[in-house]
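Hi,

Here is the structure I promised to pass on. Have a look at it first, and then read my notes underneath.

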Number of protein chains: 2
Amino acid sequence: MTTEKLDINSALNWRYAAKRMTGAVVPQDVMGRILEAARLAPSGIGLQPYEILMITNAELKKQILPIAANQMQVVESSHLLVFAPWDDYTPERINGVFDYLNQQREKVSTTLDRQRQFALNYFSKFSSEENFHHAAKQAHIALGIAVAAAALERVDATPMEGFNAQELDRFLDLKSKGLRSSMLMAIGYRDEANDWNFKLPKVRKPMSELVTLYQ
Amino acid sequence: MTTEKLDINSALNWRYAAKRMTGAVVPQDVMGRILEAARLAPSGIGLQPYEILMITNAELKKQILPIAANQMQVVESSHLLVFAPWDDYTPERINGVFDYLNQQREKVSTTLDRQRQFALNYFSKFSSEENFHHAAKQAHIALGIAVAAAALERVDATPMEGFNAQELDRFLDLKSKGLRSSMLMAIGYRDEANDWNFKLPKVRKPMSELVTLYQ
Ligand SMILES: Cc1cc2nc3c(=O)[nH]c(=O)nc-3n(C[C@H](O)[C@H](O)[C@H](O)COP(=O)(O)O)c2cc1C
Ligand SMILES: Cc1cc2nc3c(=O)[nH]c(=O)nc-3n(C[C@H](O)[C@H](O)[C@H](O)COP(=O)(O)O)c2cc1C
(Lines give C-alpha, C1' and ligand atoms only; values in the text may rest on other atoms or scores of the structure.)
(Ligands and ions follow the chains in the order given, each with its own letter.)
Protein backbone atom coordinates (compact mmCIF):
# COMPACT_ATOMS: atom_id res chain seq x y z
CA MET A 1 0.00 0.00 0.00
CA THR A 2 1.13 3.52 -0.71
CA THR A 3 1.27 6.11 2.04
CA GLU A 4 -1.40 8.13 0.23
CA LYS A 5 -3.76 5.24 0.59
CA LEU A 6 -3.21 5.16 4.32
CA ASP A 7 -3.66 8.89 4.89
CA ILE A 8 -6.90 9.44 6.79
CA ASN A 9 -7.79 12.72 5.09
CA SER A 10 -7.28 11.27 1.61
CA ALA A 11 -9.47 8.39 2.73
CA LEU A 12 -12.17 10.69 4.08
CA ASN A 13 -12.15 12.66 0.84
CA TRP A 14 -12.41 9.42 -1.12
CA ARG A 15 -15.41 8.22 0.86
CA TYR A 16 -18.94 9.46 0.43
CA ALA A 17 -22.38 8.18 1.36
CA ALA A 18 -22.89 5.59 -1.38
CA LYS A 19 -26.58 5.25 -2.28
CA ARG A 20 -26.03 2.36 -4.69
CA MET A 21 -23.69 -0.54 -4.13
CA THR A 22 -22.67 -3.46 -6.33
CA GLY A 23 -23.44 -6.26 -3.90
CA ALA A 24 -19.83 -7.45 -4.01
CA VAL A 25 -18.71 -9.07 -0.79
CA VAL A 26 -16.21 -7.40 1.54
CA PRO A 27 -13.59 -10.00 2.52
CA GLN A 28 -13.77 -11.28 6.07
CA ASP A 29 -10.34 -10.00 7.10
CA VAL A 30 -11.21 -6.51 5.92
CA MET A 31 -14.54 -6.59 7.80
CA GLY A 32 -12.65 -7.84 10.83
CA ARG A 33 -10.37 -4.81 10.81
CA ILE A 34 -13.31 -2.40 10.45
CA LEU A 35 -15.15 -4.04 13.35
CA GLU A 36 -11.98 -4.08 15.43
CA ALA A 37 -11.69 -0.31 14.97
CA ALA A 38 -15.27 0.07 16.22
CA ARG A 39 -14.47 -2.21 19.16
CA LEU A 40 -11.52 -0.03 20.12
CA ALA A 41 -13.61 3.16 20.13
CA PRO A 42 -13.57 5.10 23.39
CA SER A 43 -16.83 5.45 25.29
CA GLY A 44 -17.95 7.26 28.41
CA ILE A 45 -16.49 5.48 31.47
CA GLY A 46 -15.51 2.69 29.08
CA LEU A 47 -18.99 1.15 29.16
CA GLN A 48 -19.29 0.41 25.41
CA PRO A 49 -23.08 0.61 25.82
CA TYR A 50 -24.04 -0.82 22.45
CA GLU A 51 -23.97 -3.90 20.28
CA ILE A 52 -23.71 -4.29 16.53
CA LEU A 53 -25.92 -6.66 14.54
CA MET A 54 -24.20 -7.63 11.32
CA ILE A 55 -26.55 -8.83 8.61
CA THR A 56 -25.31 -10.66 5.54
CA ASN A 57 -28.45 -12.75 5.02
CA ALA A 58 -30.08 -11.63 1.75
CA GLU A 59 -33.61 -12.49 2.85
CA LEU A 60 -33.27 -10.45 6.03
CA LYS A 61 -31.92 -7.47 4.09
CA LYS A 62 -34.86 -7.71 1.71
CA GLN A 63 -37.26 -7.59 4.64
CA ILE A 64 -35.44 -4.59 6.12
CA LEU A 65 -35.57 -2.67 2.82
CA PRO A 66 -39.11 -1.27 3.27
CA ILE A 67 -38.33 -0.47 6.93
CA ALA A 68 -35.44 1.64 5.63
CA ALA A 69 -37.38 3.77 3.14
CA ASN A 70 -36.45 1.38 0.33
CA GLN A 71 -32.89 2.64 0.29
CA MET A 72 -31.13 0.34 -2.14
CA GLN A 73 -27.84 0.23 -0.25
CA VAL A 74 -29.63 -1.97 2.31
CA VAL A 75 -29.91 -4.85 -0.16
CA GLU A 76 -26.87 -3.93 -2.27
CA SER A 77 -24.53 -3.83 0.71
CA SER A 78 -22.17 -6.64 1.54
CA HIS A 79 -22.71 -6.29 5.28
CA LEU A 80 -25.53 -4.31 6.83
CA LEU A 81 -24.65 -3.17 10.34
CA VAL A 82 -27.27 -2.24 12.89
CA PHE A 83 -25.88 -0.09 15.70
CA ALA A 84 -27.97 -0.99 18.72
CA PRO A 85 -27.30 0.96 21.94
CA TRP A 86 -28.51 -0.28 25.31
CA ASP A 87 -32.08 0.81 25.95
CA ASP A 88 -30.92 1.88 29.42
CA TYR A 89 -27.93 1.88 31.74
CA THR A 90 -28.75 -0.56 34.54
CA PRO A 91 -26.72 -1.48 37.65
CA GLU A 92 -26.41 -5.04 36.27
CA ARG A 93 -24.86 -3.80 33.06
CA ILE A 94 -22.55 -1.32 34.75
CA ASN A 95 -21.43 -3.89 37.31
CA GLY A 96 -20.88 -6.38 34.49
CA VAL A 97 -18.45 -4.02 32.77
CA PHE A 98 -16.48 -3.29 35.93
CA ASP A 99 -16.40 -6.94 37.05
CA TYR A 100 -14.94 -7.83 33.64
CA LEU A 101 -12.47 -4.94 33.84
CA ASN A 102 -11.24 -6.01 37.27
CA GLN A 103 -10.89 -9.57 36.08
CA GLN A 104 -8.92 -8.50 32.98
CA ARG A 105 -6.65 -6.31 35.05
CA GLU A 106 -6.27 -9.06 37.62
CA LYS A 107 -7.04 -6.95 40.61
CA VAL A 108 -9.70 -4.84 42.18
CA SER A 109 -8.39 -1.35 41.79
CA THR A 110 -9.77 1.34 44.05
CA THR A 111 -9.69 3.82 41.19
CA LEU A 112 -11.87 1.48 39.22
CA ASP A 113 -14.22 1.12 42.11
CA ARG A 114 -14.53 4.88 42.31
CA GLN A 115 -15.46 4.89 38.63
CA ARG A 116 -17.95 2.08 39.18
CA GLN A 117 -19.67 4.01 41.95
CA PHE A 118 -19.61 7.15 39.86
CA ALA A 119 -21.23 5.35 36.92
CA LEU A 120 -23.87 3.64 39.09
CA ASN A 121 -24.78 6.96 40.65
CA TYR A 122 -24.58 9.05 37.49
CA PHE A 123 -26.88 6.98 35.29
CA SER A 124 -29.40 6.31 38.06
CA LYS A 125 -30.37 9.98 37.87
CA PHE A 126 -31.61 9.93 34.31
CA SER A 127 -34.67 8.47 32.61
CA SER A 128 -34.33 5.43 30.34
CA GLU A 129 -34.89 7.72 27.36
CA GLU A 130 -32.07 10.04 28.43
CA ASN A 131 -29.80 7.08 29.08
CA PHE A 132 -30.62 5.68 25.66
CA HIS A 133 -29.64 9.02 24.09
CA HIS A 134 -26.38 8.87 26.00
CA ALA A 135 -25.68 5.32 24.86
CA ALA A 136 -26.57 6.25 21.28
CA LYS A 137 -24.01 9.04 21.40
CA GLN A 138 -21.35 6.53 22.36
CA ALA A 139 -22.43 4.35 19.43
CA HIS A 140 -22.01 7.36 17.14
CA ILE A 141 -18.36 7.62 18.20
CA ALA A 142 -17.83 3.98 17.24
CA LEU A 143 -19.69 4.59 13.99
CA GLY A 144 -17.43 7.54 13.17
CA ILE A 145 -14.35 5.43 13.77
CA ALA A 146 -15.78 2.58 11.68
CA VAL A 147 -16.43 5.03 8.82
CA ALA A 148 -12.79 6.13 8.99
CA ALA A 149 -11.52 2.55 9.19
CA ALA A 150 -13.64 1.51 6.20
CA ALA A 151 -12.43 4.50 4.16
CA LEU A 152 -8.82 3.59 4.91
CA GLU A 153 -9.61 0.14 3.51
CA ARG A 154 -11.31 1.82 0.52
CA VAL A 155 -14.54 0.16 1.47
CA ASP A 156 -17.76 2.16 1.33
CA ALA A 157 -19.76 2.63 4.49
CA THR A 158 -22.98 4.62 4.37
CA PRO A 159 -24.32 5.72 7.75
CA MET A 160 -28.13 5.65 7.65
CA GLU A 161 -30.72 7.11 9.94
CA GLY A 162 -33.46 6.95 7.32
CA PHE A 163 -35.29 3.95 8.74
CA ASN A 164 -38.16 3.31 11.11
CA ALA A 165 -36.35 2.43 14.32
CA GLN A 166 -39.40 1.12 16.15
CA GLU A 167 -40.28 -1.20 13.30
CA LEU A 168 -36.71 -2.42 13.00
CA ASP A 169 -36.55 -3.04 16.75
CA ARG A 170 -39.67 -5.17 16.50
CA PHE A 171 -38.42 -6.99 13.40
CA LEU A 172 -35.11 -7.88 15.03
CA ASP A 173 -36.69 -8.41 18.46
CA LEU A 174 -34.20 -5.99 19.99
CA LYS A 175 -36.37 -5.39 23.05
CA SER A 176 -35.68 -8.89 24.34
CA LYS A 177 -31.98 -8.01 24.29
CA GLY A 178 -32.48 -4.64 25.97
CA LEU A 179 -31.36 -2.86 22.82
CA ARG A 180 -32.79 -0.27 20.44
CA SER A 181 -31.53 0.49 16.96
CA SER A 182 -29.96 3.93 16.45
CA MET A 183 -28.15 3.72 13.11
CA LEU A 184 -27.67 1.46 10.14
CA MET A 185 -24.44 1.25 8.22
CA ALA A 186 -24.37 -0.26 4.74
CA ILE A 187 -20.90 -1.63 4.06
CA GLY A 188 -19.90 -2.62 0.55
CA TYR A 189 -18.68 -1.24 -2.74
CA ARG A 190 -20.08 1.79 -4.58
CA ASP A 191 -21.83 1.29 -7.88
CA GLU A 192 -20.22 4.19 -9.72
CA ALA A 193 -22.33 3.82 -12.85
CA ASN A 194 -25.68 3.94 -11.10
CA ASP A 195 -25.07 6.14 -8.08
CA TRP A 196 -26.06 9.78 -8.73
CA ASN A 197 -24.31 10.73 -5.51
CA PHE A 198 -20.94 9.45 -6.74
CA LYS A 199 -20.51 12.27 -9.24
CA LEU A 200 -21.22 15.14 -6.87
CA PRO A 201 -18.24 16.99 -5.40
CA LYS A 202 -17.79 16.75 -1.65
CA VAL A 203 -18.97 19.85 0.18
CA ARG A 204 -18.21 20.75 3.77
CA LYS A 205 -18.41 24.07 5.53
CA PRO A 206 -15.09 25.89 5.44
CA MET A 207 -12.69 25.42 8.36
CA SER A 208 -13.26 29.05 9.39
CA GLU A 209 -16.92 28.29 10.07
CA LEU A 210 -16.14 25.07 11.91
CA VAL A 211 -13.33 26.14 14.20
CA THR A 212 -12.85 29.29 16.30
CA LEU A 213 -9.45 29.76 17.91
CA TYR A 214 -9.10 31.24 21.40
CA GLN A 215 -5.43 32.08 21.50
CA MET B 1 6.58 6.59 8.42
CA THR B 2 6.21 2.86 8.69
CA THR B 3 3.04 1.11 7.63
CA GLU B 4 2.51 -0.02 11.22
CA LYS B 5 2.34 3.60 12.28
CA LEU B 6 -0.39 4.27 9.75
CA ASP B 7 -2.54 1.27 10.60
CA ILE B 8 -5.69 2.49 12.32
CA ASN B 9 -6.00 -0.47 14.68
CA SER B 10 -2.40 -0.15 15.86
CA ALA B 11 -3.12 3.54 16.37
CA LEU B 12 -6.29 2.85 18.33
CA ASN B 13 -4.44 0.36 20.51
CA TRP B 14 -1.70 2.93 21.07
CA ARG B 15 -4.14 5.62 22.14
CA TYR B 16 -5.81 5.83 25.53
CA ALA B 17 -7.56 8.51 27.51
CA ALA B 18 -4.55 10.40 28.85
CA LYS B 19 -5.27 11.97 32.24
CA ARG B 20 -1.95 13.79 32.45
CA MET B 21 -0.24 15.58 29.62
CA THR B 22 3.13 17.30 29.36
CA GLY B 23 1.93 20.64 28.03
CA ALA B 24 4.08 20.24 24.91
CA VAL B 25 2.59 21.96 21.88
CA VAL B 26 1.14 20.00 18.96
CA PRO B 27 2.51 21.51 15.72
CA GLN B 28 0.06 23.52 13.65
CA ASP B 29 0.21 21.25 10.59
CA VAL B 30 -0.59 18.21 12.73
CA MET B 31 -3.52 20.01 14.37
CA GLY B 32 -4.64 21.07 10.92
CA ARG B 33 -4.85 17.46 9.78
CA ILE B 34 -6.79 16.39 12.87
CA LEU B 35 -9.29 19.22 12.42
CA GLU B 36 -9.57 18.48 8.72
CA ALA B 37 -10.55 14.90 9.56
CA ALA B 38 -13.28 16.25 11.87
CA ARG B 39 -14.41 18.62 9.12
CA LEU B 40 -14.75 15.71 6.69
CA ALA B 41 -16.93 13.70 9.08
CA PRO B 42 -20.32 12.68 7.71
CA SER B 43 -23.41 14.08 9.38
CA GLY B 44 -27.13 13.59 8.99
CA ILE B 45 -28.28 15.29 5.75
CA GLY B 46 -24.83 16.86 5.63
CA LEU B 47 -25.79 19.61 8.07
CA GLN B 48 -22.60 19.56 10.19
CA PRO B 49 -24.65 20.97 13.07
CA TYR B 50 -21.78 21.90 15.36
CA GLU B 51 -18.77 24.12 15.81
CA ILE B 52 -15.48 23.53 17.56
CA LEU B 53 -13.91 26.07 19.90
CA MET B 54 -10.17 25.54 20.04
CA ILE B 55 -8.52 26.93 23.14
CA THR B 56 -4.78 27.39 23.41
CA ASN B 57 -4.91 30.38 25.76
CA ALA B 58 -3.42 29.29 29.12
CA GLU B 59 -5.51 31.71 31.19
CA LEU B 60 -8.75 30.45 29.64
CA LYS B 61 -7.75 26.84 30.25
CA LYS B 62 -7.01 27.68 33.88
CA GLN B 63 -10.47 29.17 34.26
CA ILE B 64 -12.07 26.10 32.64
CA LEU B 65 -10.20 23.72 34.97
CA PRO B 66 -12.67 23.97 37.90
CA ILE B 67 -15.61 23.76 35.47
CA ALA B 68 -14.13 20.45 34.31
CA ALA B 69 -13.79 18.76 37.70
CA ASN B 70 -10.17 19.90 37.94
CA GLN B 71 -9.09 17.35 35.38
CA MET B 72 -5.45 18.18 34.75
CA GLN B 73 -5.51 17.39 31.03
CA VAL B 74 -7.48 20.63 30.61
CA VAL B 75 -4.48 22.76 31.53
CA GLU B 76 -1.81 20.27 30.43
CA SER B 77 -3.23 19.92 26.93
CA SER B 78 -1.77 21.68 23.95
CA HIS B 79 -5.16 22.42 22.42
CA LEU B 80 -8.42 22.11 24.31
CA LEU B 81 -11.33 21.52 21.94
CA VAL B 82 -14.91 22.30 22.88
CA PHE B 83 -17.41 20.46 20.70
CA ALA B 84 -20.42 22.75 20.53
CA PRO B 85 -23.50 21.47 18.68
CA TRP B 86 -26.26 23.81 17.55
CA ASP B 87 -28.77 24.37 20.33
CA ASP B 88 -31.50 23.74 17.76
CA TYR B 89 -32.06 23.06 14.06
CA THR B 90 -33.74 26.18 12.66
CA PRO B 91 -35.01 26.90 9.11
CA GLU B 92 -32.35 29.63 8.82
CA ARG B 93 -29.57 27.21 9.60
CA ILE B 94 -30.90 24.45 7.37
CA ASN B 95 -31.46 26.87 4.48
CA GLY B 96 -27.98 28.26 5.01
CA VAL B 97 -26.45 24.81 4.52
CA PHE B 98 -28.44 24.09 1.36
CA ASP B 99 -27.85 27.56 -0.13
CA TYR B 100 -24.13 27.02 0.36
CA LEU B 101 -24.33 23.51 -1.11
CA ASN B 102 -26.15 24.73 -4.22
CA GLN B 103 -23.62 27.51 -4.63
CA GLN B 104 -20.68 25.10 -4.31
CA ARG B 105 -22.23 22.70 -6.78
CA GLU B 106 -23.05 25.58 -9.09
CA LYS B 107 -26.62 24.66 -9.64
CA VAL B 108 -29.89 24.15 -7.87
CA SER B 109 -30.37 20.43 -7.93
CA THR B 110 -33.85 19.07 -7.46
CA THR B 111 -32.51 16.20 -5.40
CA LEU B 112 -30.96 18.73 -3.08
CA ASP B 113 -34.19 20.63 -2.83
CA ARG B 114 -35.95 17.42 -1.86
CA GLN B 115 -33.38 16.96 0.90
CA ARG B 116 -33.81 20.58 1.98
CA GLN B 117 -37.57 20.16 2.30
CA PHE B 118 -37.08 16.87 4.09
CA ALA B 119 -34.71 18.48 6.61
CA LEU B 120 -36.94 21.51 7.19
CA ASN B 121 -39.90 19.26 7.79
CA TYR B 122 -38.07 16.62 9.84
CA PHE B 123 -36.50 18.89 12.43
CA SER B 124 -39.58 21.09 12.81
CA LYS B 125 -41.28 18.14 14.50
CA PHE B 126 -38.92 17.91 17.45
CA SER B 127 -38.30 20.04 20.51
CA SER B 128 -35.12 22.11 20.80
CA GLU B 129 -33.86 19.64 23.37
CA GLU B 130 -34.40 16.68 21.04
CA ASN B 131 -32.78 18.57 18.18
CA PHE B 132 -29.81 19.39 20.40
CA HIS B 133 -29.43 15.68 21.19
CA HIS B 134 -29.48 14.94 17.48
CA ALA B 135 -26.88 17.59 16.75
CA ALA B 136 -24.73 16.33 19.64
CA LYS B 137 -24.81 12.85 18.11
CA GLN B 138 -23.43 14.25 14.88
CA ALA B 139 -20.68 15.96 16.87
CA HIS B 140 -19.84 12.61 18.44
CA ILE B 141 -19.21 11.16 14.97
CA ALA B 142 -16.77 13.99 14.26
CA LEU B 143 -15.19 13.46 17.66
CA GLY B 144 -14.71 9.76 16.92
CA ILE B 145 -13.00 10.56 13.65
CA ALA B 146 -10.82 13.18 15.31
CA VAL B 147 -9.75 10.63 17.94
CA ALA B 148 -8.74 8.25 15.14
CA ALA B 149 -6.93 10.99 13.22
CA ALA B 150 -5.03 12.09 16.32
CA ALA B 151 -4.04 8.50 17.11
CA LEU B 152 -2.70 8.04 13.58
CA GLU B 153 -0.54 11.12 14.22
CA ARG B 154 0.46 9.63 17.59
CA VAL B 155 -1.07 12.60 19.33
CA ASP B 156 -3.14 12.06 22.45
CA ALA B 157 -6.76 13.13 22.45
CA THR B 158 -8.85 12.59 25.57
CA PRO B 159 -12.61 12.88 25.06
CA MET B 160 -14.15 14.43 28.18
CA GLU B 161 -17.71 14.67 29.35
CA GLY B 162 -16.73 15.31 32.96
CA PHE B 163 -17.49 19.02 33.01
CA ASN B 164 -20.40 21.25 33.89
CA ALA B 165 -21.86 22.03 30.48
CA GLN B 166 -24.15 24.80 31.66
CA GLU B 167 -21.32 26.59 33.40
CA LEU B 168 -19.03 26.21 30.42
CA ASP B 169 -21.74 27.53 28.10
CA ARG B 170 -22.07 30.60 30.30
CA PHE B 171 -18.32 31.06 30.58
CA LEU B 172 -17.82 30.91 26.79
CA ASP B 173 -21.09 32.77 26.08
CA LEU B 174 -22.19 29.96 23.79
CA LYS B 175 -25.85 30.96 24.01
CA SER B 176 -25.23 34.09 21.97
CA LYS B 177 -23.91 31.83 19.19
CA GLY B 178 -26.82 29.40 19.43
CA LEU B 179 -24.48 26.67 20.64
CA ARG B 180 -24.20 24.39 23.66
CA SER B 181 -21.13 22.45 24.71
CA SER B 182 -21.39 18.66 24.48
CA MET B 183 -17.83 17.39 24.79
CA LEU B 184 -14.31 18.53 25.54
CA MET B 185 -11.27 17.02 23.92
CA ALA B 186 -7.83 17.58 25.41
CA ILE B 187 -5.22 17.27 22.67
CA GLY B 188 -1.57 16.98 23.53
CA TYR B 189 1.09 14.54 24.67
CA ARG B 190 0.78 11.98 27.45
CA ASP B 191 2.87 12.38 30.57
CA GLU B 192 3.93 8.75 30.90
CA ALA B 193 5.66 9.20 34.24
CA ASN B 194 2.75 10.82 36.02
CA ASP B 195 -0.29 9.28 34.37
CA TRP B 196 -1.61 6.29 36.34
CA ASN B 197 -3.85 5.48 33.38
CA PHE B 198 -0.88 5.00 31.03
CA LYS B 199 0.21 1.79 32.70
CA LEU B 200 -3.15 0.03 32.60
CA PRO B 201 -3.77 -2.48 29.81
CA LYS B 202 -6.51 -1.61 27.34
CA VAL B 203 -9.72 -3.51 27.99
CA ARG B 204 -12.65 -3.80 25.62
CA LYS B 205 -15.47 -6.30 25.57
CA PRO B 206 -14.68 -9.26 23.33
CA MET B 207 -15.81 -9.11 19.70
CA SER B 208 -18.30 -11.92 20.41
CA GLU B 209 -20.15 -9.63 22.82
CA LEU B 210 -20.05 -6.66 20.49
CA VAL B 211 -21.09 -8.22 17.19
CA THR B 212 -23.81 -10.74 16.36
CA LEU B 213 -23.82 -12.14 12.83
CA TYR B 214 -27.08 -12.83 10.97
CA GLN B 215 -25.91 -15.01 8.14
C1 LIG C 1 -18.31 10.46 26.03
C2 LIG C 1 -16.99 10.26 26.75
C3 LIG C 1 -16.74 10.94 27.92
C4 LIG C 1 -15.52 10.80 28.59
N5 LIG C 1 -15.24 11.58 29.68
C6 LIG C 1 -13.99 11.54 30.22
C7 LIG C 1 -13.58 12.48 31.20
O8 LIG C 1 -14.32 13.38 31.61
N9 LIG C 1 -12.30 12.38 31.69
C10 LIG C 1 -11.44 11.43 31.25
O11 LIG C 1 -10.30 11.41 31.72
N12 LIG C 1 -11.79 10.52 30.30
C13 LIG C 1 -13.04 10.58 29.76
N14 LIG C 1 -13.38 9.71 28.76
C15 LIG C 1 -12.46 8.63 28.37
C16 LIG C 1 -13.02 7.25 28.70
O17 LIG C 1 -13.06 7.04 30.08
C18 LIG C 1 -12.18 6.19 27.99
O19 LIG C 1 -12.20 6.44 26.62
C20 LIG C 1 -12.67 4.77 28.24
O21 LIG C 1 -12.61 4.47 29.58
C22 LIG C 1 -11.87 3.75 27.45
O23 LIG C 1 -10.51 3.82 27.80
P24 LIG C 1 -9.36 4.24 26.75
O25 LIG C 1 -9.93 5.34 25.88
O26 LIG C 1 -8.24 4.73 27.62
O27 LIG C 1 -9.02 3.05 25.96
C28 LIG C 1 -14.57 9.88 28.08
C29 LIG C 1 -14.85 9.19 26.89
C30 LIG C 1 -16.01 9.39 26.22
C31 LIG C 1 -16.22 8.71 24.92
C1 LIG D 1 -26.62 10.35 11.30
C2 LIG D 1 -26.55 10.18 9.81
C3 LIG D 1 -27.67 9.72 9.12
C4 LIG D 1 -27.61 9.52 7.74
N5 LIG D 1 -28.68 8.96 7.08
C6 LIG D 1 -28.55 8.62 5.77
C7 LIG D 1 -29.53 7.84 5.11
O8 LIG D 1 -30.53 7.42 5.69
N9 LIG D 1 -29.35 7.52 3.80
C10 LIG D 1 -28.23 7.94 3.11
O11 LIG D 1 -28.11 7.62 1.94
N12 LIG D 1 -27.27 8.66 3.73
C13 LIG D 1 -27.40 8.99 5.03
N14 LIG D 1 -26.38 9.68 5.67
C15 LIG D 1 -25.25 10.19 4.90
C16 LIG D 1 -25.21 11.72 4.87
O17 LIG D 1 -26.26 12.23 4.11
C18 LIG D 1 -23.87 12.18 4.32
O19 LIG D 1 -22.87 11.65 5.15
C20 LIG D 1 -23.72 13.68 4.29
O21 LIG D 1 -24.66 14.25 3.44
C22 LIG D 1 -22.33 14.11 3.84
O23 LIG D 1 -22.04 13.57 2.57
P24 LIG D 1 -20.87 12.53 2.31
O25 LIG D 1 -20.84 11.59 3.48
O26 LIG D 1 -21.28 11.86 1.02
O27 LIG D 1 -19.60 13.29 2.19
C28 LIG D 1 -26.43 9.87 7.04
C29 LIG D 1 -25.32 10.30 7.74
C30 LIG D 1 -25.36 10.44 9.11
C31 LIG D 1 -24.12 10.84 9.83
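Below is what I found, going from the chains to the ligand and then to one glutamate.

Before anything else, keep in mind that this is a predicted model.

**The two chains**

How do chains A and B relate? A turn of 180 degrees, with a shift of 0.0 Å along the axis, lays chain B on chain A at an RMSD of 0.0 Å. That is what a two-fold axis does. Both copies also use the same surface, since 100% of the contact residues of chain B turn up again in chain A.

**Ligand 1**

Which chains surround ligand 1? Residues from both A and B do, so this site is shared between chains. There are 21 residues around the ligand, and those that come nearest are Ala17(B), Lys19(B), Gln71(B), Lys202(B) and Arg204(B).

Two of those nearest residues also show up in the polar distances to the ligand's oxygen atoms:

- Lys19(B) has a side-chain N or O atom 2.7 Å from an oxygen atom of ligand 1.
- Arg204(B) places a polar side-chain atom 2.9 Å from an oxygen atom of ligand 1.

A nitrogen atom of the ligand is involved as well: a backbone N or O atom of Glu161(B) is 2.9 Å away from it. So for Glu161(B) look at the backbone, whereas for Lys19(B) look at the side chain.

How much of ligand 1 does the protein bury? On its own the ligand exposes 620 Å², and 87% of that is buried by the protein.

As for the elements, two of them give two or more residues to the shell: helix H8 (128–152) of chain A and strand S3 (156–160) of chain B. S3(B) supplies the largest share, with 3 residues. If you sort the shell by class, you get 8 nonpolar, 8 polar and 5 charged residues.

**Glu76(B)**

One residue I looked at separately is Glu76(B), which sits in helix H5 (residues 73–76) of chain B. Is Glu76(B) buried or exposed? Its relative accessibility is 13%, and because the cut-off for buried is under 20%, Glu76(B) counts as buried.

What does the side chain of Glu76(B) pair with? It makes a polar contact with the side chain of Arg20(B), at 2.8 Å. Leaving aside residues up to four places away in sequence, Glu76(B) touches Arg20(B), Met21(B), Thr22(B) and Gly23(B). Arg20(B) therefore appears both as a touching residue and as the polar partner of this buried glutamate.

Cheers

Methods:
Residues numbered from 1 in each chain as written. Chains lettered and ligands numbered in written order. Predicted model: local features only at pLDDT ≥ 70, side-chain atom pairs only at ≥ 80, totals over all residues. Heavy atoms only, no water. Helix = DSSP H or I, 4+ residues; strand = E, 2+ residues; numbered from the N terminus. Buried < 20%, exposed > 50% of the residue type's maximum accessible area, 1.4 Å probe, protein only. Polar contact = N/O pair within 3.5 Å; in protein donor to acceptor, adjacent residues only side chain to side chain. Contact = heavy atoms within 4.5 Å. Least-squares fit on C-alpha atoms with pLDDT ≥ 70 in both. Near = heavy atom within 4 Å. Areas by Shrake-Rupley, 256 points an atom, 1.4 Å probe, with all protein chains shown as cover. Nonpolar A, V, L, I, M, F, W, Y, C, P; charged D, E, K, R; others polar.
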